[in-house]
Each structure stands twice: as structure tokens, then as C-alpha cells.
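The following exercises train the reader to examine a protein structure step by step. Each task is followed by a worked solution.

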Amino acid sequence: MAGERPHEFALIKRFFAPLASDPGALGLTDDAATLAPSAGCELVLTKDLLAADIHFFSHDPAEAIAAKALRVNLSDLAAKGARPRGYLLGLALPAAWDAEWLERFCAGLARDQDTYGITLLGGDTIASGGKLLLSVTAIGEVPAGRAVRRTGAAPGDSLYVTGTLGDAALGVRLRYEPDLARSLALSPDHQAHLLDRYLLPQPRTALAAAVLAHASAAMDLSDGLTGDAAHMAAASGVDLAVEVTAVPLSQAARQVLARSPEWLVTCLGGGDDYELLLAVPEDRRDAFERDAAAAGVPVTRIGAARPPAGAAGALGYFRDGASFTLAGKGGFRHF
């Protein structure tokens with residue numbers, strides 16, 4: 001990323017100001033933006049920090065790095081039932097960068113702004129003194145008092161997930177171990193699918209209205225089903241029972257498990273899915289499934305909430321109804 005480097009204010013005017021279309025951003029000519037929620041709504045705010053060679057690889061395409069930084073935050077908004085409004089960007093650039101890289105980075109942001117209906121409101125750009133760091137604060141809105149929390153699951157609620165799980169965790173392992181695809185006998189198409197799922201998460205913003213209308217609890221699956229479902233169980237004070245045979249898997253993941261079943265712990269606990277985990281009351285199931293289908297988002301019922309056997313609630317896995325112990329770690333952790 002060596003070459004031409006515009007100074008700070010020229011950089012903002014050239015690359016970032018065109019992304020800031022909201023009037024409250026003032027074309028990024030002031031120190032702060034203003035944002036008023038729609039009548040009867042309140043703002044929902046979320047932040048994710050991404051570091052090179054931890055959340056993405058330094059040599060990944062600039063467009064994909066930008067998209068991932070934005071999309072992981074949009075996934076959090078979707079889990080609250082929120083409509084995206086705007087975002088703040090913190091960008092810490094490494095020593096070797098140039099205008100061509102930054103132009104591609106901003107092109108990735110521009111494409112996703114158009115896709116997901118969100119705009120840049122402001123931020124900051126600095127030199128990192130090391131590797132590339134990105135911080136996005138995404139802002140959405142929901143009707144006042146209606147944001148869907150992880151705390152609302154109740155005994156009898158059905159447990160749903162969107163999409164398929166485990167693809168991204170397998171994809172990152174393929175990045176670290178180039179010979180793994182051959183040892184798992186993955187076809188080129190299956191390999192490409194897994195790699196893409198890690199590189200470019202698909203936030204389920206189209207499901208936000210259905211989450212708001214039907215879910216009693218929701219959260220996005222950033223750290224794996226094993227870890228995040230345990231968080232929901234503890235926060236809601238219920239036990240969550242997951243039937244492992246019901247967990248939706250892609251054809252690529254099924255190919256991996258058919259050859260090496262021990263990879264199940266990676267699929268369920270590896271993280272980076274950015275799918276949604278939802279608790280839905282029994283009397284809302286049919287309507288939720290209809291609305292999800294109308295939104296074009298696949299959802300699968302994988303279990304149910306039960307009265308807690310302990311004080312804090314717990315996650316239990318079952319196979320064909322019998323208790324099943326999943327060996328290995330309980331979800332991704334930074335520390």
C-alpha cells in the first residue's frame with residue numbers, strides 16, 4: 001500500500017465526504033454530526049473493532065475489509081430489529097498505504113451503503129503505528145421501547161437461527177491451513193463458499209421487521225452458537241436446548257463433517273457466522289416463519305427454551321432428543 005498519500009483534510013474531502021450524504025453530517029466539514037430519530041423512535045447504537053490478522057487478513061481486498069467492518073455492525077442492528085440510519089468510522093492506517101488502496105476501501109463502503117441504506121456520519125483517521133485497525137459505530141432506530149434484547153427468552157419459546165452455521169469458522173481454518181481443503185476432499189466450489197462466508201458476512205437486515213414483530217429475544221452470532229446461545233440463556237434466565245441434528249449446515253460444511261465429524265465443535269463454536277439467534281413465542285412461530293420467507297431470509301428451528309435447572313440458565317445440546325456433550329471450547333473469546 002505504498003505511494004501517494006494526501007494530507008488529512010484532503011483525504012477526508014476526497015475519499016470520505018462523498019460517503020456522507022446525510023444533512024446532519026455537514027459533508028464532514030465540522031467536528032460532529034447531528035442525527036434525530038424519526039418520530040416515536042429511539043436510536044440503537046453498536047460498535048465493533050476489527051484488527052488486521054485477527055478479524056481479517058492484511059492482504060484481503062480493501063473492498064472486502066471495508067464491507068466486513070460495516071456488516072458485522074449491521075448484524076447487531078438487525079438483531080435488535082433496528083433500521084440502519086448511519087455510522088461513524090475510525091480508521092487507523094498502517095505505515096504502508098496509498099490513495100489507490102483507500103479509494104478501493106471507500107468503494108466497498110459506498111456499495112454497502114447503497115445495499116443496506118446507511119450513510120457515513122463522521123469519524124476519525126489516524127496512523128496506527130502498526131497494523132490496520134477499524135472501528136465502526138453503527139446507528140439504527142426502532143420504535144421507542146421496542147428494541148429486542150437477549151434477555152427476553154421465556155420457557156416454551158422456540159429457538160431459531162438464520163442461514164447456515166459454521167461456514168465462516170471453517171473458512172478461516174482454510175485460510176490458515178492451505179492443505180486442509182485437500183485433506184477434507186473439498187470441491188473447488190465448496191472451498192470457495194467457505195472462504196467467502198468468512199470474508200464477507202451477510203447481515204440479516206431484511207429480517208429486522210420480523211424480529212421486531214415476533215421475537216422475544218435475539219442476538220447476532222459473532223462468537224459461535226455455543227458461546228452466544230449460552231449468553232442468551234444466562235441473560236434470559238432460561239435453559240436453551242439445541243438439537244444438533246436440526247442445526248442448518250451448508251453442503252460444504254456437511255461434506256466436512258461427513259469426512260471428519262470432529263469438526264462439529266468448530267461449526268458450532270468457531271464464530272464469525274453473523275447469523276441471528278432468536279427466541280420466538282409458540283403463538284408467533286407461524287407468523288414469524290411466514291414473514292421470514294417473505295423477507296427472503298432462511299430460518300430454522302433448532303430447539304427451545306426451558307425452565308432453568310440452575311440459577312443462571314444454561315445451554316444444552318441434544319442429539320435425537322438424547323443429551324449430547326459437545327467436546328471443545330465454548331465459543332470464540334478474545335482474551
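A nonpolar core is a set of buried Ala, Val, Leu, Ile, Met, Phe, Trp, Tyr and Cys residues joined through side-chain atoms within 4.5 Å. Buried means under 20% relative accessible area, exposed means over 50%, and partly exposed lies in between (1.4 Å probe, protein chains only). The model is predicted: local features need pLDDT of at least 70, side-chain atom pairs count only at pLDDT 80 or more, and totals for chains, interfaces and linings use all residues. Residues are numbered from 1 along each chain as its sequence is written, and side-chain values use heavy atoms, with hydrogens and water left out.

**Exercise 1. Determine which residues have the most contacts inside the largest nonpolar core, and which elements contribute to that core.**

Solution.

Step 1. The largest nonpolar core comprises 43 residues, and those with the most contacts inside it are Phe16, Tyr87, Leu89, Leu102, Phe105 and Leu134.

Step 2. Two or more residues each come from helix 1, strand 1, helix 2, strand 2, helix 3, strand 3 and strand 4. Helices (H or I, at least four residues) and strands (E, at least two) are DSSP runs, numbered from the N terminus. Helix 2 gives the most to this core, namely 8 residues.

Step 3. Consider Phe105, where contact means heavy atoms within 4.5 Å. Neighbours within four places in sequence aside, Phe105 is in contact with Ala62, Glu63, Ile65, Ala66, Leu89, Leu91 and Leu134.

Step 4. Apart from the core that contains Phe105 lies another core, of 38 residues, among them Leu186, Val242, Ala279 and Ala305.

**Exercise 2. Describe the open sheet: what is the order of its strands, and which strands stand at the edges?**

Solution.

Step 1. The open sheet has 4 strands in the order 1-4-2-3, with mixed pairing. Two strands pair if DSSP finds at least two bridges between them.

Step 2. Strand 1 and strand 3 each have a single partner strand and stand at the edges, so one side of each is left without a neighbour in the sheet.

Step 3. On average, neighbouring strands of this sheet are turned by 15° against each other, direction ignored.

Step 4. Strand 1 and strand 4 pair in the antiparallel sense over 11 bridges. In strand 4, Gly140 is the bridge partner of Val44.

Step 5. Helix 1 (residues 8–16) packs on the sheet and touches strand 2 and strand 3; the direction of helix 1 makes about 145° with that of strand 3. Helix 3 lies across strand 2, strand 3 and strand 4, and runs at about 170° to strand 2. For such angles, axes are lines fitted to C-alpha atoms, for helices over the stretch in contact, and angles run from 0 to 180 degrees between N-to-C directions.

**Exercise 3. State where Gln113 lies, and whether Gln113 is buried or exposed.**

Solution.

Step 1. Gln113 belongs to helix 3 (residues 99–116).

Step 2. The relative accessible area of Gln113 is 11%, so this residue is buried.

Step 3. Residues up to four places away in sequence not counted, Gln113 touches Leu19, Tyr87, Ile118, Thr119 and Leu120. A polar atom of the Gln113 side chain lies 3.2 Å from the backbone oxygen of Leu19.

**Exercise 4. How many salt bridges does the model contain, and which parts of the chain do three of the pairs link?**

Solution.

Step 1. A salt bridge is a side-chain nitrogen of Lys or Arg within 4 Å of a carboxyl oxygen of Asp or Glu. By this rule the count comes to 16.

Step 2. Lys131 and Asp53 form one of them, at 3.0 Å from N to O. Lys131 lies in the loop between strand 3 (119–127) and strand 4 (133–143), and Asp53 in the loop between strand 1 (41–51) and helix 2 (62–79), 78 residues apart. Lys131 is partly exposed at 49% relative accessibility, and Asp53 is partly exposed at 29%.

Step 3. Asp272 and Lys68 form a salt bridge at 3.9 Å from N to O. Asp272 sits in the loop between helix 10 (264–269) and strand 8 (275–280), and Lys68 in helix 2, 204 residues apart. Both Asp272 and Lys68 are buried.

Step 4. In the salt bridge of Arg85 with Glu141, the closest N and O atoms are 2.8 Å apart. Arg85 lies in strand 2 (residues 83–93) and Glu141 in strand 4, so the pair ties together parts that are 56 residues apart in sequence. Arg85 is buried at 15% relative accessible area, and Glu141 is buried at 6%.

Conventions. Polar contact = N/O pair within 3.5 Å; in protein donor to acceptor, adjacent residues only side chain to side chain.
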